[in-house]
2 protein chains.
Amino acid sequence: MAADTRDRIVFGAATLMRRQGYTGTGIKQIATEARAPFGSIYHFFPGGKDQLAAEVIRRGGYFFQVLVESVFDAAPDLVTGVRDCFEGAAETVRATDYQDACPIATIALEVASTNEPLREATAEVFETWIAAAADRFRSAGIPAKDARELGAAMIMSLEGAFLLSRATRSTKPLEIAGRAAVAQAELALAAVSAR
Amino acid sequence: MAADTRDRIVFGAATLMRRQGYTGTGIKQIATEARAPFGSIYHFFPGGKDQLAAEVIRRGGYFFQVLVESVFDAAPDLVTGVRDCFEGAAETVRATDYQDACPIATIALEVASTNEPLREATAEVFETWIAAAADRFRSAGIPAKDARELGAAMIMSLEGAFLLSRATRSTKPLEIAGRAAVAQAELALAAVSAR
DNA sequence: CGTGATCTAGATAGATCGTTCTAGTGACTA
DNA sequence: TAGTCACTAGAACGATCTATCTAGATCACG
């Protein structure tokens, strides 16, 4: 199955790169992790490691967004959604022994100054996330500009919390950032209903 | 001068690793950047790349803390200090063409799941930063637990903003995170003076 | 059955990695 | 003056890196 192998390669590369970064992950290691023939990697990704990484970034970004959106959709209200996101993130990070946090952050920092096409890919993913978050807050009545800033602030808090959680091997940073994010969201929504 | 060469090596390694990460930076590249003889690296750091990286993490963490503390000390009040920190960070990031942000974040994400001694070094630095920030807020009358959470939240916001700023090549994330941090600090201080 | 196209398999190349090693330089001390 | 020690200099080693290449397996379809 062709598409199957291709998917396994992307998935395996995503798993390794999110944990070890771009330069820290080798093509052969990806082949092993994905249980895919080495030759198949260059068959499906003639552009080599860069092309593969670009797809890892985009696919990882998309899946993460879908995951977060599903948490929001399942929540009774926006503030609960925010809380559930941070709690779910904490649970995932703990369950994976502090390995799986943001799918693209490790790559993003590595390539920001060294690989312009990949940097652009990460920038696009972040922009998509911010736009999606802003949509949620705008739908709740928050003015467009404020909604965007609020969405961006939450994503940044989450990213910072992911970083500290992985580094300290603790979910406390995610809990603290979650509380702060919830308070911020409550404040913004209170300002709306007060009008 | 011996110590001079040693310092140049650490400084050069810090410069490269903060921009390209740990695995992305080679020993030979460090020697070139530091204008240091290749042999000297293993003379001063017999433990090799790991020992050098550990010192980069600790020294980078210390210098960054000193820098931030000096900004706070120069500010007329705590809230202004917070604002100046984010504004100063934005200025630095812009001035270095989005290369120099957090001295250890790139390394921290890379080593979190792959190199336990280095992971511990990054964890200690983050812990030191949080403790220093908590001190500032506690001195302003904020209860110890709240002060620590506030300090941690700001560092996480800053880290997230650094990540997005580098990825998007824009200072907007730092500006947004700065506004959010200022608002958070004002709120916490207002709660103190209201008592 | 035959024939391309697609995919698998891994050997190979050439560069670079971290590290070790030996040799040498220069300065300070006995 | 001889000897010791800190430091410099870079060749060399084995491992590993990305990428290419050839050959064989598998498939869809005439």
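**Exercise 1. Are H8(A) and H7(B) parallel or oblique to each other?**

*Solution.* The model is predicted: local features need pLDDT of at least 70, side-chain atom pairs count only at pLDDT 80 or more, and totals for chains, interfaces and linings use all residues. Residues are numbered from 1 along each chain as its sequence is written, while chains are lettered from A and ligands numbered from 1 in the order in which they are written.

Step 1. Two packed helices are described by the angle between their axes and the distance between the axes. Helices (H or I, at least four residues) and strands (E, at least two) are DSSP runs, numbered from the N terminus. Axes are lines fitted to C-alpha atoms, for helices over the stretch in contact, and angles run from 0 to 180 degrees between N-to-C directions.

Step 2. Helix H8 of chain A (residues 144–168) and helix H7 of chain B (residues 116–139) have axes that come within 8 Å and cross at roughly 125°.

Step 3. Angles under 35 degrees count as roughly parallel, over 145 as roughly antiparallel, 65 to 115 as roughly perpendicular and the rest as oblique. H8(A) and H7(B) are therefore oblique to each other.

Step 4. Their crossing is left-handed, a term used if the near helix is turned anticlockwise from the far one by less than a right angle.

Step 5. H8(A) contributes Leu164(A), Ala167(A) and Thr168(A) to the contact, and H7(B) contributes Arg119(B), Thr122(B), Ala123(B) and Phe126(B). Residues are in contact if their C-beta atoms, placed from the backbone, lie within 7 Å. By class, the contact of H8(A) with H7(B) has four nonpolar, two polar and one charged; Ala, Val, Leu, Ile, Met, Phe, Trp, Tyr, Cys and Pro count as nonpolar, Asp, Glu, Lys and Arg as charged, and the others, Gly among them, as polar.

**Exercise 2. Determine how chain B is related to chain A and describe the interface.**

*Solution.* Step 1. A turn of 180° and a shift of 0.0 Å along the axis lay chain B on chain A with an RMSD of 0.0 Å. That is the relation of a two-fold axis. The superposition is by least squares on the C-alpha atoms of residues with pLDDT of at least 70 in both copies.

Step 2. Chain B gives 39 residues to the contact and chain A gives 39 residues. On the side of chain B that touches chain A, H8(B) provides the largest share, 15 residues. That side of chain B holds 20 nonpolar, 13 polar and six charged residues.

Step 3. The copies meet through the same surface, because 100% of the interface residues of chain B are also interface residues in chain A.

**Exercise 3. Characterise the fold of chain A and the packing of two helix pairs within it.**

*Solution.* Step 1. Chain A contains nine helices and zero strands. Its C-alpha atoms fill a box of roughly 60 × 35 × 30 Å along the principal axes.

Step 2. The axes of H8(A) and helix H9 of chain A (residues 172–193) come within 8 Å and cross at roughly 170°. H8(A) and H9(A) are therefore roughly antiparallel to each other. Their contact comprises 13 nonpolar, five polar and one charged residues.

Step 3. For helix H4 (residues 48–74) and helix H7 (residues 116–139) of chain A, the axes come within 9 Å and cross at roughly 10°. H4(A) is therefore roughly parallel to H7(A). The residues in contact include Ile57(A) and Phe72(A) of H4(A), together with Val125(A) and Trp129(A) of H7(A). This contact of H4(A) with H7(A) divides into 10 nonpolar, four polar and four charged residues.

Key:
Contact = placed C-beta atoms within 7 Å.
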